[in-house]
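The exercises below are meant to be worked through with the sequence and the 3D structure side by side. Please try each task before reading its solution.

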Amino acid sequence: GVAPDVARLYRAAILTGLGDYPGALFVHQERAAASPLDPRPPADAARVRHRMALEAQDAYDGQGFSEQIAQAIRLFDKGLTLAINARDREQVITILVERARCYLDAHDAAAARRDLLLALREQPRHVEAQAAMIAADRALETDAPRAKPLFDDPEHLPDDSTTSTAFAVAQ
């Protein structure tokens, strides 16, 4: 037979694939209750919450996105604490990288970068962490103070004749 946790994990994966996120979260709660010191159930539930957040974002549901991404980060926090206590280095690295992705999606590149630095300190050649670090660095560059707009005041915008003349000359 299949071990109970493995059967629950498969069930949660199927429910997630079918889009039954509440059902999948319930199964991950069962897994967490059965193995309260295991970091995988909260991390798996965090992945479901992250997916829910991205779907809310795709549906232009800002509040839903914010709530789900916050839940995902909290669940990754819990999984990270359990992984550290269990001295499970691979889970620590995986959770740090996945929590960093949540931070990137929430436009908190600085927090993402902190997690990725920790992950890369443990495993410098971790490809996913390296790729996410590039994204975090780019996001931080983009968030840098921008040059002042040329025309702050709508009254100082060029009129249509100036714009169309400049456009015609450019062609």
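**Exercise 1. The chain as a whole**

Work out what share of the contacts in the protein chain between residues at least 6 apart in sequence join residues at least 24 apart.

Solution. Among the contacts between residues at least 6 apart in sequence, where contact means heavy atoms within 4.5 Å, 48% join residues at least 24 apart. The model is a predicted one, in which local features need pLDDT of at least 70 and side-chain atom pairs count only at pLDDT 80 or more, while totals for chains, interfaces and linings use all residues. Residues are numbered from 1 along each chain as its sequence is written, and side-chain values use heavy atoms, with hydrogens and water left out. The next step is the secondary structure, which comes to eight helices and zero strands; here helices (H or I, at least four residues) and strands (E, at least two) are DSSP runs, numbered from the N terminus. The last step is burial: of the 171 residues of the protein chain, 35% count as buried, where buried means under 20% relative accessible area, exposed over 50% and partly exposed in between, with a 1.4 Å probe and protein chains only.

**Exercise 2. A pair of helices at the start**

Determine how α1 and α2 are placed relative to each other, and which residues of α1 meet α2.

Solution. Begin with the axes, which are lines fitted to C-alpha atoms, for helices over the stretch in contact, with angles that run from 0 to 180 degrees between N-to-C directions. The axes of α1 (residues 4-17) and α2 (residues 21-34) come within 8 Å and cross at roughly 160 degrees. That angle makes α1 roughly antiparallel to α2, since angles under 35 degrees count as roughly parallel, over 145 as roughly antiparallel, 65 to 115 as roughly perpendicular and the rest as oblique. The crossing of α1 and α2 is left-handed, a word used if the near helix is turned anticlockwise from the far one by less than a right angle, with right-handed used if clockwise. Finally, on the side of α1 the residues D5, R8, L9, R11, A12, L15 and T16 meet α2, whose partners include Y21, V27 and A34.

**Exercise 3. Helix α4 and its buried residues**

Compare the reach of α4 with its expected span, and then find which helices its buried residues pack against.

Solution. Helix α4 covers residues 62-85, which is 24 residues, and its first and last C-alpha atoms lie 35 Å apart, close to the 34 Å expected at 1.5 Å a residue; the expected span is 1.5 Å times one less than the number of residues. The buried residues of α4, among them F65, Q68, I73 and F76, pack against α3 (40-58) and α5 (89-105). Q68 is one to look at closely: this residue has a relative accessible area of 15% and is therefore buried. Not counting residues up to four places away in sequence, Q68 touches R49, M52 and A53, and a polar contact of 2.9 Å joins the side chains of Q68 and R49. A polar contact is a pair of N or O atoms within 3.5 Å; within protein, one must be able to donate a hydrogen and the other to accept it, and residues adjacent in sequence count only if both atoms are side-chain atoms.

**Exercise 4. Two charged-residue positions in α5**Examine R99 and E98: is each residue buried or exposed, and which residues does each contact?

Solution. R99 is found in helix α5 and counts as buried at 10% relative accessibility. Leaving aside neighbours within four places in sequence, R99 is in contact with I73, F76, D77, L80 and D115, and its side chain makes a polar contact of 2.6 Å with the side chain of D115. E98, also placed in helix α5, counts as buried at 14% relative accessibility. With the neighbours within four places again set aside, E98 is in contact with R47 and F76; the C-alpha atoms of E98 and F76 are 8.0 Å apart, although the two residues are 22 apart in sequence.

**Exercise 5. Loops with positive phi**

Find where Y60 and R87 lie, and decide whether each is buried or exposed.

Solution. Y60 lies in the loop between α3 and α4, and its phi is near 60 degrees, a positive value in a residue other than glycine. At 77% relative accessibility, Y60 counts as exposed. R87 lies in the loop between α4 and α5, with a positive phi near 55 degrees, and R87 is exposed, with a relative accessible area of 77%.
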